[in-house]
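Reader: I would like to go through this one with you piece by piece. Could you bring it up so that we can talk it over?

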Amino acid sequence: MAEFFKDIPVIKYEGPNSTNPLSFKYYNPDEVVGGKTMKEQLKFALSWWHTMGGDGTDMFGVGTTDKKWGKTTPEEISFAKVDAAFEIMTKLGIEYFCFHDRDLSPEYGSLAETNEKLDRVTDYIAEKMKADPTKKLLWGTAKCFDHPRYMHGAGTSPSADVFAYSAAQIKKAVEATVKLGGNGYVFWGGREGYETLLNTNMALEQDNMARLMKMTVDYARSIGYKGDFYIEPKPKEPTKHQYDFDTATVLGFLRKYGLEKDFKMNIEANHATLAMHTFQHELRVARDNGVFGSIDANQGDMLLGWDTDQFPTNIYDTTLCMYEVLKAGGFTNGGLNFDAKARRGSFKLDDIFYSYIAGMDTFALGLRIAAKMIDDGRIDKFVEDRYSSWTTGIGADIISGKATLEDLEKYALEKGEVVDSLSSGRQEMLESILNNIMFSL
Ligand code: XUL
Ligand code: CO
């Protein structure tokens, strides 16, 4: 089999003092951090779409990187992508991958032909996974947004025919996920949203989306799927208003339709910031509500208002992310999928390696610092003390349900002015403690 990256060796951990750009400075897969090996804590995944297919095409220009992998026909390219993906994963020590059905194999003349061609590719992947059981599927999904038939949405299309077509596509994508042993299936609402309410029956569209999700869960369970379903919130892009705006909105949706037992969140950093939240905020809302599932690791650009899907290099963000992951008890079925692409100008194929190394090392640093934050305990202790009035006296009575509104009125009248019960939030002190922890690794 052809080797695609002859000049790239297996990437090893060489420690922070190494100047070799093709080495990990912080990611040491077998080192135990926070009670598990870094490999188990981080569960890195390769995204098939960006890594194997993304060629740098944007609104203003064609691709800058050739991602045909030396082949010409769509069939040949699909198979070569599998070989190249396995080589990239092996060289980076990445065990998981994620795909949309159409990343693996494109659409052909009919749905039947498309499905048949997809089967051949997934058979090939299954064969390669059998030969190398370190390679695992984190999650699969269906690309129900790029074909013109999905211009008004898929599960939220005004056309019942389009809804049925997307259901058929999702059925097949679920089968592919189950066949490859995936423990996650993602719904990212590609065009599930609207441009104007002047032409939109929002209530029907959302009821229909829930119907599609319910059918998918029922079918997947019927063929033995035991993993999680995820919704990946995003507030806008491609539609002006995406229904799965953010974690809180999605929670309301899941609870309204009784889907909360089967679904968790796949939180993407750049989607969080598009919703005007921090990455940590979205993770915290998911954790607090028991729906933390998986992560799409990337970052946006502070000065750009769209989904730039950059490889994560911001240590504060990865630290606070890994703090939330550790506090949630770590990943179960989920992991860290690099839904990220090299910039269009980073067009050489070996930029794939530099990008992943940057992302993996930044998350490894984040994990190390987050574990240290927890061991250090100063920040957690500050938060605990800040809420200490809820553990005794009137606070405990409110929490236990003993205190009524009348009791509280009586308490307040007796107590008089309470401004002196407040203490400083000490934000700057805490930020400085975090810096101190960060730079005394
Ligand atoms: C788009 C996005 C998707 C999903 C999977 O913004 O994040 O790639 O992760 O469909
Ligand atoms: Co994503």
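Reader: Let me start inside: which elements each supply at least two residues of the lining of the largest cavity?

Author: Bearing in mind that this is a predicted model, the elements that each supply at least two residues of that lining are β8 (184-187) and α7 (202-222).

Reader: And what volume does the largest cavity have, and which residues are closest to its centre?

Author: Its volume is about 170 Å³, and 20 residues line it, of which Phe187, Trp188, Gly189, Glu192 and Met209 are the closest to the centre. A search of the whole structure finds two cavities of 30 Å³ or more.

Reader: Switching to the metal, what coordinates the cobalt ion (ligand 2)?

Author: The cobalt ion (ligand 2) is held by carboxylate oxygens labelled OE from Glu232 and Glu268 and OD from Asp296 and Asp339, at 1.9 to 2.1 Å. Along the chain these donors follow the spacing E-x35-E-x27-D-x42-D.

Reader: What geometry does that site have?

Author: The site of the cobalt ion (ligand 2) is octahedral, with six donor atoms and angles among them of 81 to 171 degrees.

Reader: Which parts of the chain do Glu232 and Asp339 tie together?

Author: Glu232 lies in the loop between β10 (228-231) and β11 (241-242), while Asp339 lies in the loop between β14 (336-338) and α12, so the pair links parts that are 107 residues apart in sequence.

Reader: Are those two buried or exposed?

Author: Glu232 is buried, at a relative accessible area of 4%, and Asp339 also counts as buried, at 7% relative accessibility.

Reader: Staying with the loop between β10 and β11, which proline is found there, and what is the peptide bond leading into it like?

Author: Pro238 is found in that loop, and the peptide bond from Glu237 to Pro238 is cis, with omega near 10 degrees.

Reader: What about the nonpolar core, how many residues does the largest one have?

Author: The largest nonpolar core has 101 residues, and those with the most contacts inside it are Leu42, Leu46, Trp48, Leu92, Ile125, Ile295 and Phe363. Helix α12 (residues 351-376) gives the most to this core, with 13 residues. There is also a second, separate core of eight residues, which includes Ala45, Trp49, Cys98 and Leu138.

Reader: Why would nonpolar side chains be buried together?

Author: As a general matter, nonpolar side chains tend to be buried together in soluble globular proteins.

Reader: Take Leu46, then: what is it in contact with, leaving aside its neighbours within four places in sequence?

Author: With those neighbours set aside, the contacts of Leu46 include Met52, Ile88, Met89, Phe97, Cys98, Asn337 and Tyr356.

Reader: Turning to the backbone, what is phi at Trp69 and at Met276?

Author: Trp69 has phi near 55 degrees, a positive value in a residue other than glycine, and Met276 has a positive phi of about 65 degrees although it is not a glycine either.

Reader: Where are they, and is each one buried or exposed?

Author: Trp69 is found in the loop between α2 (48-53) and α3 (74-92) and counts as buried, at 6% relative accessibility. Met276 is found in the loop between α9 (269-274) and α10 (279-288) and is exposed, with a relative accessible area of 73%.

Reader: One last residue: where is Trp390, and what does it touch?

Author: Trp390 sits in the loop between α13 (378-386) and α14 (393-400), where it counts as partly exposed, at 39% relative accessibility. Not counting residues up to four places away in sequence, Trp390 touches Gly395, Ala396, Ile398 and Ile399.

Methods
Residues are numbered from 1 along each chain as its sequence is written. Chains are lettered from A and ligands numbered from 1 in the order in which they are written. This is a predicted model: local features need pLDDT of at least 70, side-chain atom pairs count only at pLDDT 80 or more; totals for chains, interfaces and linings use all residues. Side-chain values use heavy atoms; hydrogens and water are left out. A nonpolar core is a set of buried Ala, Val, Leu, Ile, Met, Phe, Trp, Tyr and Cys residues joined through side-chain atoms within 4.5 Å. Buried means under 20% relative accessible area, exposed over 50%, partly exposed in between (1.4 Å probe, protein chains only). Helices (H or I, at least four residues) and strands (E, at least two) are DSSP runs, numbered from the N terminus. Contact means heavy atoms within 4.5 Å. Donors are N, O and S atoms within 2.8 Å of the metal (3.2 Å for Na, K and Ca); water is not among the atoms, so sites may look incomplete. Four donors count as tetrahedral if all angles lie between 85 and 135 degrees; four count as square planar and six as octahedral if opposite donors are over 155 degrees apart and all others between 65 and 115; anything else is irregular. On a 1 Å grid over the protein atoms alone, a cavity is a set of points where a 1.4 Å probe fits but cannot get out, and a pocket is an open set with protein on both sides within 12 Å along at least five of seven lines; lining residues have an atom within 4 Å of a point. Grid points are joined across faces, edges and corners, and a volume is the space filled by probe spheres set on the points.
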